[in-house]
Amino acid sequence: MRIIVCKDYEKMSDEAAKIVAAQLTLKPDSILGLATGSTPIGMYQRLIDMNKAGEIDFSKVKSFNLDEYYPIKADNNQSYRYFMNENLFNHVNIDINNTRVPNGEASDPVEEGKSYDAAIDAAGGIDLQILGIGRNGHIGFNEPDENLIMGTHRTMLTQDTIEANSRLFNSIDEVPTQAITMGMVSILKSKMIVLLANGKNKHEAVKKLLDDTITTSNPATFLKTHPNVVIICDEECYNG
Ligand code: PGA
């Protein structure tokens with residue numbers, strides 16, 4: 001596991017975008033694993049700028065997002081599909097048909113999970129997975145628990161996650177309590193993983209990721225089993 005500590009959020013977003021750009025240069029038909037949340041927004045802005053400047057090309061890229069609230073309609077402005085369209089897909093030359101987000105309207109979430117993992121495998125597996133981290137160590141919506149689930153599945157959000165996400169809703173009662181998330185193995189099968197974290201409120205999560213032994217009560221610790229993980233964080237996050 002490598003750690004890149006950047007001066008601030010802007011520099012961190014630059015470094016993350018450079019890695020994605022290098023990936024697309026080396027393999028124009030890359031399979032990207034993408035994340036929502038506040039953390040990757042700066043990276044997405046830079047990727048949009050690079051695409052507009054003709055420096056990177058998304059025309060052959062396929063993407064799979066980590067998670068989606070459940071149930072939620074794709075056109076709900078709180079959905080992760082909506083977030084991705086607004087923050088990246090609508091502004092770059094990606095074919096929207098090549099972008100996949102778990103279907104928050106699926107009538108059968110078990111089937112949705114199976115077909116999601118099958119689609120990732122059929123595409124050849126994720127080349128580069130972008131991750132955020134929850135204050136509780138979740139990756140995707142794999143929340144701390146006695147057992148972690150391997151494949152894409154429906155899950156309950158923990159109270160900590162509901163509270164953290166309530167900042168984006170009018171009230172905490174509006175935050176969905178369930179999600180469909182890529183599972184731990186779905187994530188760990190990615191060839192390379194870049195985890196982004198910024199700000200003091202992620203200090204504990206990153207410290208525990210680095211210090212803890214591998215434990216299901218801190219899902220991010222499983223990243224230690226992966227041969228190619230880069231953590232990019234800012235000084236506030238690293239130093240606390
Ligand atoms: P954030 O979410 O980027 O909004 O902090 C990250 C996460 O919960 O995984």
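Helix H5 gives the most to the lining of the largest pocket, supplying four residues. This pocket belongs to a predicted model. H5 spans residues 159-165. Strand E4 (67-70) and helix H3 (80-87) also contribute, and each of these three elements supplies at least two residues of the lining. The pocket holds about 740 Å³ of space. In total, 32 residues line the pocket. Those closest to its centre are Thr36, Gly37, Ser38, Asn165 and Arg167. By class, the lining has 15 polar, twelve nonpolar and five charged residues.

The pocket is set in a protein with eight helices and ten strands. The radius of gyration is 17 Å, close to the 18 Å that the globule rule gives for 240 residues, so the protein is as compact as a globular protein of that length. Along the principal axes, the C-alpha atoms fill a box of roughly 45 × 45 × 35 Å. Buried residues account for 52% of the 240 residues. The accessible surface comes to about 10,900 Å². Carbon and sulfur atoms own 50% of that surface. Contacts were also sorted by sequence separation. Among those between residues at least 6 apart in sequence, 77% join residues at least 24 apart.

Ile180 was examined as a single position. This residue is found in strand E8, which covers residues 178-181. Ile180 has a relative accessible area of 0%, and it is therefore buried, as the cut-off for burial is under 20%. Leaving aside residues up to four places away in sequence, Ile180 touches Leu66, Asp67, Glu68, Tyr70, Pro102, Asn103, Pro109, Glu112, Thr152, His153 and Arg154. Asp67 and Tyr70, both touched by Ile180, fall within the range of strand E4 (67-70). E4 is also one of the elements that supply the pocket lining. Asn51 is 129 residues from Ile180 in sequence. In space, the two C-alpha atoms are 30 Å apart.

Helix H7 was examined next. H7 runs over residues 203-211. Its buried residues are His203, Ala205, Val206 and Leu209. These pack against two strands and a helix: strand E9 (192-197), strand E10 (229-234) and helix H8 (235-239).

Conventions. Residues numbered from 1 in each chain as written. Predicted model: local features only at pLDDT ≥ 70, side-chain atom pairs only at ≥ 80, totals over all residues. Heavy atoms only, no water. 1 Å grid on protein atoms, 1.4 Å probe; cavity = no way out; pocket = protein on both sides within 12 Å on 5 of 7 lines; lining within 4 Å. Points joined across faces, edges and corners; volume = space filled by probe spheres on them. Nonpolar A, V, L, I, M, F, W, Y, C, P; charged D, E, K, R; others polar. Rg over C-alpha atoms; globule rule 2.2 N^0.38 Å. Buried < 20%, exposed > 50% of the residue type's maximum accessible area, 1.4 Å probe, protein only. Contact = heavy atoms within 4.5 Å. Areas by Shrake-Rupley, 256 points an atom, 1.4 Å probe, with all protein chains shown as cover.
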